[in-house]
Structure formats: structure tokens, C-alpha cells
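Hello,

Here is the structure I said I would pass on. My notes on it follow below.

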Amino acid sequence: MSVKDLTVLRGGREVLHGVSFDVPRGHVVGLLGPSGCGKTTLMRALVGVQIVASGEVTVLGEPAGSRALRNKVGYATQNPAVYMDLTVAENLRYFGAVIGAPREDVTRVVDEVDLGGQAGQLVGSLSGGQRNRVNLAVALLGGPELVVLDEPTVGLDPVLRQELWELFHKLAENGTTMIVSSHVMDEAARCQRLLLMRDGHLLADETPAELRAQTGTDDLEEAFLRLIRGVAA
Ligand SMILES: Nc1ncnc2c1ncn2[C@@H]1O[C@H](COP(=O)(O)OP(=O)(O)OP(=O)(O)O)[C@@H](O)[C@H]1O
């Protein structure tokens, strides 16, 4: 996947200012940065639903959003986009049918997000964290080659967060590229690559080890702050 000189305007204001990076397949990539820095906008451009002012976004060798990518890219938005008056399984069967996923995929993704016990429950009656996991399960239907997840671990307890990160790595080991956004730096250490953003600019594109070495601290939150101060200096 490659992004070249991507500029995006939202509400008449430039919110991404010429962002460029490459992501190799089968990596877990963290997209990190403070609220409002442009993470969601960048993710929208990757899945091809964002109007871009200029630049190029290429996904699995195709222009982002092209028809050939329809079944190859999974996207979970920050706010769950599932039907409240359907059960977990009904939602997954419905979205699976839309993208032509095999029926047995429903059981697989329900297990992956650990919602086996809630499969027959109405989504409207689930907790916020469980609802987020239904949203995540939808993104995993059909076994996409690129999965883009907007803050998938918000509101989850530490055990579940740990399990989801293990799932992301398992999927990546099988060749899926995972782009996962977060605004909490303690998730950064769980990623193989980090894209650090601030105010619509990409500040860094490196591994956690490289970031630690470059900034001279083991604490990734502090590393991010040092990077910002360095850029400002
Ligand atoms: N529909 C819109 N109209 C105008 N401005 C927008 C719109 N959507 C987003 N923006 C602006 O674009 C910038 C980037 O927003 P974006 O949602 O990409 O940030 P983010 O890093 O994902 O934030 P968060 O972590 O809070 O979700 C922000 O300044 C935001 O106010």
C-alpha cells in the first residue's frame, strides 16, 4: 500500500498536508496521534470513501476505492455501523451476504472477536465494548487482505484489548495488512510499524525500536513528545 503526497480538504480547510508513506503487506501498523490530527481522514482515503484534493493512494496495487478492492478491504469506523434491532449473527449474515462472504465466516468472525455467547443477542442490548466488537467482526468478514480499524480498542478492558491485539497479529501473520488507529500511545508498543501524525502531517514512519532509539527514551509517549519538540525546534 502506498500513499503519495496526499492532501485532503474537509469543510474548506486543509486537514492532510501532503502525506506520503508505504506499508508492506502483512504488517500491523499503528496510526497514532492526538484527537483531530487526521487519522480518520487518512483511513477514509485508504478505503476510498474520502474525496482527496491531490495525491495518490494505492492499495494492493489498485487505486483506493476501486471496484477490484471491494471484497479485499475491511473497514471498521469509530462509531459502530451495525443494526441495533438485529442480533449479532443476523447482522453478520446480512453484511456477509452483501460482500459475498461464505456463510461459515459468521462463526469464524464471532469467535475471533469473542462474542460466541452473544451471537443471538440484539445488538441494541449489548454493551458499548461488545458493540464495537460486532463492528470489528463485520470488517473481518470475507477474509480481507487489508483491514483498517478506527480506534477498535476504545472502551475495552485490558484483557480484551490484549486479546484483540493478539488477533491483529495472528491475522497479519496470515498475510493481512492491519492498519489500526489509536490516540493512546501505550498501544504503540504493540505495533510493528508506527505512523505518527500531528496536525495533518506525518511526523514519523518507523518501528517502535527505531522511534525509541531516535528519541533516546523507552517510553513511547515521551518519545512522541520529544519528536514534536524536535520538529517545533
Ligand atoms: N465533515 C467535516 N467537516 C469539516 N471538518 C472536518 C470534518 N471531518 C473532520 N474534520 C476536521 O478534520 C480534521 C481531522 O479530523 P479526523 O476525524 O481525521 O481526526 P482524528 O485524528 O481521526 O481524530 P479523533 O482521534 O478525535 O477521531 C479535524 O480538524 C476535524 O475537525
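**What was found**

According to UniProt, residues 1-224 carry the annotation "domain: ABC transporter", and the entry is unreviewed. Please keep in mind that this is a predicted model. The ends of the annotated span, residues 1-224, have C-alpha atoms 24 Å apart. Helix accounts for 32% of that span and strand for 26%.

**The chain as a whole**

The chain holds seven helices and 10 strands. Along its principal axes, the C-alpha atoms take up a box of roughly 55 × 35 × 35 Å. The radius of gyration is 18 Å, which agrees with a compact globule, because a globule of 233 residues would have a value near 17 Å. Of the 233 residues, 39% are buried. As for contacts with a separation of 6 or more, 65% of them join residues that are 24 or more positions apart in the chain.

**Two domains**

How is the chain divided? Domain 1 is made of two stretches, 2-72 and 144-232, while domain 2 covers 82-143. The centres of domain 1 and domain 2, taken over C-alpha atoms, are 24 Å apart. Where the two touch, domain 1 puts in 11 residues and domain 2 puts in 12 residues.

On the domain 1 side of this contact, β7 (146-149) and α5 (158-173) each provide at least two residues. The largest share there is that of α5, with three residues. By residue class, the side of domain 1 that touches domain 2 has eight nonpolar residues, two polar and one charged.

On interfaces in general, size is often stated as the accessible area lost when the parts come together. I have no such area to pass on here, and the residue counts above describe the contact instead.

**The ligand**

Which residues are closest to the ligand? They are G11, S35, K39, T40 and T41, out of 13 residues that surround the ligand. Helix α1, residues 39-47, gives the most to this shell, namely three residues. The shell around the ligand consists of nine polar residues, two charged and two nonpolar.

**To go through it in order**

You could start with the annotated span, residues 1-224, then look at the division into domain 1 and domain 2. After that, α5 is the place to look on the domain 1 side of the contact, as the largest share comes from there. Helix α1 can come last, as the element that gives the most to the shell around the ligand.

Regards

Methods:
Residues are numbered from 1 along each chain as its sequence is written. This is a predicted model: local features need pLDDT of at least 70, side-chain atom pairs count only at pLDDT 80 or more; totals for chains, interfaces and linings use all residues. A residue is near a molecule or strand if its C-beta atom, placed from the backbone, lies within 6 Å of it. Helices (H or I, at least four residues) and strands (E, at least two) are DSSP runs, numbered from the N terminus. Ala, Val, Leu, Ile, Met, Phe, Trp, Tyr, Cys and Pro count as nonpolar, Asp, Glu, Lys and Arg as charged, and the others, Gly among them, as polar. The radius of gyration is taken over C-alpha atoms; the globule rule is 2.2 Å times the number of residues to the power 0.38. A residue is buried if 20 or more other C-beta atoms lie within 10 Å of its own, exposed if 12 or fewer, and partly exposed in between; C-beta atoms are placed from the backbone. Two residues are in contact if their C-beta atoms, placed from the backbone, lie within 7 Å. Domain bounds come from an automatic or database domain assignment. UniProt positions are given in the numbering used here, feature names are shortened, and annotations may be inferred rather than shown by experiment.
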